[in-house]
Amino acid sequence: MSALTKAKGFKKSKSGTYLSIGTTAFGAISVIKQVRRARTEHDTLQLVDAVVSAAAIVTGLAILYRELKRLGDDDVLLG
């Protein structure tokens with residue numbers, strides 16, 4: 001099995017999905033910093049960019065959550 005095949009398999013695994021959720025949520029930190037900076041500088045365009053980025057993060061997390069449900073995770077937190 002090649003490394004690429006293993007990587008694709010990991011991406012579709014529960015562990016890979018959890019890792020994706022973590023990295024996506026970690027991106028929220030930079031968005032929070034961007035919002036604070038935009039509000040301090042009264043930069044509306046930068047604030048709009050941060051809001052759009054936040055929406056992308058929320059959407060990404062929702063898709064990953066759905067993937068976990070599809071994989072049949074037995075985690076208590078997912079219900």
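The chain contains three helices and zero strands, and along the sequence its elements follow the pattern α-α-α. The model is a predicted one. Its mean pLDDT is 83, with 76% of the residues reaching 70 or more. Confidence varies along the chain: the lowest value belongs to helix α1 (residues 3-11), with a mean of 52, and the highest to α3, with a mean of 94. Over residues 1-5 the pLDDT stays under 50, and for this segment the model has one contact beyond four places in sequence.

Of the 79 residues in the chain, 16% are buried. The exposed surface of the chain amounts to about 6000 Å², of which carbon and sulfur atoms supply 65%. Among the contacts with a separation of 6 or more, 57% involve residues 24 or more positions apart.

Helix α2 (14-41) comprises 28 residues and extends 41 Å from its first C-alpha to its last, close to the 40 Å expected at 1.5 Å a residue. The buried residues of α2 are Gly16, Thr17, Val31, Gln34 and Ala38. After α2 comes His42, which has a positive phi, near 55 degrees.

Helix α3 covers residues 44-71. Its N-terminal end is capped by Asp43, a side-chain oxygen of which lies 3.3 Å from the backbone nitrogen of Leu45. At 1.5 Å a residue, the 28 residues of α3 should span 40 Å, and the 41 Å between the end C-alpha atoms agrees with this expectation. The residue that follows α3 is Gly72, and its phi is positive, near 75 degrees.

The buried residues in α3 include Gln46, Ala50 and Ile57 towards the start of the list, together with Leu64, Glu67 and Leu68. Part of the cover over the buried residues of α3 is provided by α2. Glu67, located in helix α3, has a relative accessible area of 17% and is therefore buried, the cut-off being under 20%.

One salt bridge is counted in the model. The pair consists of Glu67 and Arg70, whose closest N and O atoms are 2.7 Å apart. The contact between the two side chains is also a polar one, at 2.7 Å. Side chains of opposite charge can pair when their charged atoms come close. Glu67 and Arg70 lie three residues apart in helix α3, so about one helical turn separates them. An α-helix has 3.6 residues a turn, so residues three or four places apart point the same way. The two partners differ in accessibility: Glu67 is buried, at 17% relative accessible area, whereas Arg70 is exposed, at 56%, a value over the 50% cut-off. The salt bridge thus joins a buried residue to an exposed one within helix α3.

Key. Residues are numbered from 1 along each chain as its sequence is written. This is a predicted model: local features need pLDDT of at least 70, side-chain atom pairs count only at pLDDT 80 or more; totals for chains, interfaces and linings use all residues. Side-chain values use heavy atoms; hydrogens and water are left out. Helices (H or I, at least four residues) and strands (E, at least two) are DSSP runs, numbered from the N terminus. The expected span of a helix is 1.5 Å times one less than its number of residues. Buried means under 20% relative accessible area, exposed over 50%, partly exposed in between (1.4 Å probe, protein chains only). Contact means heavy atoms within 4.5 Å. A polar contact is a pair of N or O atoms within 3.5 Å; within protein, one must be able to donate a hydrogen and the other to accept it, and residues adjacent in sequence count only if both atoms are side-chain atoms. Accessible areas come from the Shrake-Rupley method with a 1.4 Å probe; for residues, only the protein chains shown count as cover. pLDDT is the predictor's confidence in each residue, from 0 to 100. A salt bridge is a side-chain nitrogen of Lys or Arg within 4 Å of a carboxyl oxygen of Asp or Glu.
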